[in-house]
Amino acid sequence: MTGCGPTRAAVLTPQAPGAIAVIAVSGPRTDTILSRVLRHRTDDRPPKIAARRPVLCRIVDEDAVVDDAIVTRIRRDGIVSVELSTHGGVRIVQRTLQLLERHGAEITQAELFESAWRADHPVRREIDLALIGATSRRLAGWLLTQRRILPPFLDRRSSWSREEADAFRARSEVAIRMIEGLHVAIIGPPNAGKSTLANRLIGRDRVIASETPGTTRDWVSETAFIHGWPVTLTDTAGIRETDCPIESEAIRRGSVLAAGADVVLVVLDAEAPSAESVDFVASIEARWSRDQPRVLATNKIDLIGANPRTRSEQAITALSAIKISALTGAGIDRLESEIAAVLGIGMLKDDLPTACSRDQLNST
Ligand SMILES: Nc1nc2c(ncn2[C@@H]2O[C@H](COP(=O)(O)OP(=O)(O)OP(=O)(O)O)[C@@H](O)[C@H]2O)c(=O)[nH]1
Ligand SMILES: [Mg+2]
């Protein structure tokens, strides 16, 4: 970076809570300033920031670590800048800006940077908007890559082969639905471990789980992660015949909600009598739309071991459910793979350009 004039820094992502924030630095003193505030994650030296080769760094204020950041040098329309992708916390962004300012950068509005690029690719702007709402690091990292690889790919759309166009369309449909919000609902008999499983997929104790059947009444929705991709997960009341009008209403509401989900996760109890589980699955199959994707899981496998011995266990195995233990985590990876396959999110790869909005898809 050569020339004279100020070195500027700006937050490119909107000033609202999000999974990540992107701070751009541009101007003649960029490298000098960054050599004082960045350290390589592994060898603790100022990093070498080569063009378009992201490097994982620490942002440091003397001996204190401010945050980890993915750092990339980018050239757009002859403007060279270095982008720091940090965690999205307001405090982290503020501390990083103060640090850059202390070392000589002029803090400025994102528009100053963006106005130079806007004419170049409106697609990046749309991706920045999607970044605000990104609720997982996996999605945020993927969007950041799309910011770089999607515009040149769209630019050469006239030379795509039919296969290239079809594959692009298929994975883009999945990505757009994910950004709009995919919905997974958990249903099952009382006490099967639905809430315990929900907590495991959400990553914290969000829902009350207890040995008392009928614990969950009103459904609860929360962001959960399937191999790091965000989905909205709904835990519902255990389905059973009951005289309690409140529980009946909770079951009805949960069922209505689950019927509209992208995937229904049916959780059975491996310890329950086999006839109950088989009847439960049969009643779901009979009453619910056949077109709605379902994934079947047998929970509490830690209580019976991996090999079914009794007739009851064999009957459940015959339903070809995925064996899991929400308590120990056994089988959860396979369960997530199955849900990912049904939702199509296995198609999303970091190195494959993919549309993130209907406008981008319709422009092809
Ligand atoms: N051993 C074992 N116990 C489990 C497992 N999953 C859940 N439990 C226990 O089973 C009981 C019921 O768990 P919940 O998660 O509340 O079950 P639920 O299906 O949400 O129950 P309702 O809301 O009443 O329909 C609790 O005591 C859990 O600790 C598991 O994988 N293994
Ligand atoms: Mg529950």
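Student: What makes glycine 203 worth a look after helix 7?

Tutor: Its phi is positive, near 95 degrees, and glycine 203 follows helix 7. Helices here are DSSP runs of H or I with at least four residues, strands are E runs of at least two, and both are numbered from the N terminus. Bear in mind that this is a predicted model, where local features need pLDDT of at least 70, side-chain atom pairs count only at pLDDT 80 or more, and totals for chains, interfaces and linings use all residues. Residues are numbered from 1 along each chain as its sequence is written, chains are lettered from A and ligands numbered from 1 in the order in which they are written, and side-chain values use heavy atoms, with hydrogens and water left out.

Student: Why is helix 7 called mostly covered?

Tutor: Seven of its nine residues are buried, where buried means under 20% relative accessible area, exposed over 50%, and partly exposed in between (1.4 Å probe, protein chains only). Among them are Lys194, Leu197 and Ile202. The buried residues of helix 7 pack against strands 8, 9, 10 and 11 and helix 11, a contact being heavy atoms within 4.5 Å.

Student: How do you know that serine 195 and threonine 216 count as buried?

Tutor: Serine 195 has 8% relative accessibility, so it falls under the 20% limit. Threonine 216 comes out at 11%, so it counts as buried too.

Student: What makes Ser195 and Thr216 donors of the magnesium ion, ligand 2?

Tutor: The atoms are OG of Ser195 and OG1 of Thr216, lying 2.0 to 2.1 Å from the ion. Donors are N, O and S atoms within 2.8 Å of the metal (3.2 Å for Na, K and Ca), so both qualify; water is not among the atoms, so sites may look incomplete. Serine 195 sits in helix 7 and threonine 216 in the loop between helix 7 and strand 9, so the pair ties together parts that are 21 residues apart in sequence.

Student: How do you know that lysine 194 makes a polar contact with ligand 1?

Tutor: A polar side-chain atom of lysine 194 lies 2.7 Å from an oxygen atom of ligand 1. A polar contact is a pair of N or O atoms within 3.5 Å; within protein, one must be able to donate a hydrogen and the other to accept it, and residues adjacent in sequence count only if both atoms are side-chain atoms. Lysine 300 at 3.2 Å passes the cut-off as well, and so does serine 325 at 3.1 Å.

Student: Why is the pair of tryptophan 142 and tryptophan 229 called edge-to-face?

Tutor: The ring centres are 6.0 Å apart and the planes stand at 80 degrees, so the pair is edge-to-face. Rings of Phe, Tyr and Trp (its six-membered ring) pair if their centres lie within 6.5 Å; planes under 30 degrees apart count as stacked, over 60 as edge-to-face and the rest as tilted. Tryptophan 142 is in helix 5 and tryptophan 229 in strand 10, 87 residues apart. Tryptophan 142 has 0% relative accessibility, so it counts as buried, and tryptophan 229, at 5%, is buried as well.

Student: What makes the pair of phenylalanine 153 and phenylalanine 168 tilted?

Tutor: The centres are 5.4 Å apart with 45 degrees between the planes, and that angle is neither under 30 nor over 60. Phenylalanine 153 and phenylalanine 168 are both buried. Ring pairs link Phe153, Trp160 and Phe168 into a cluster.
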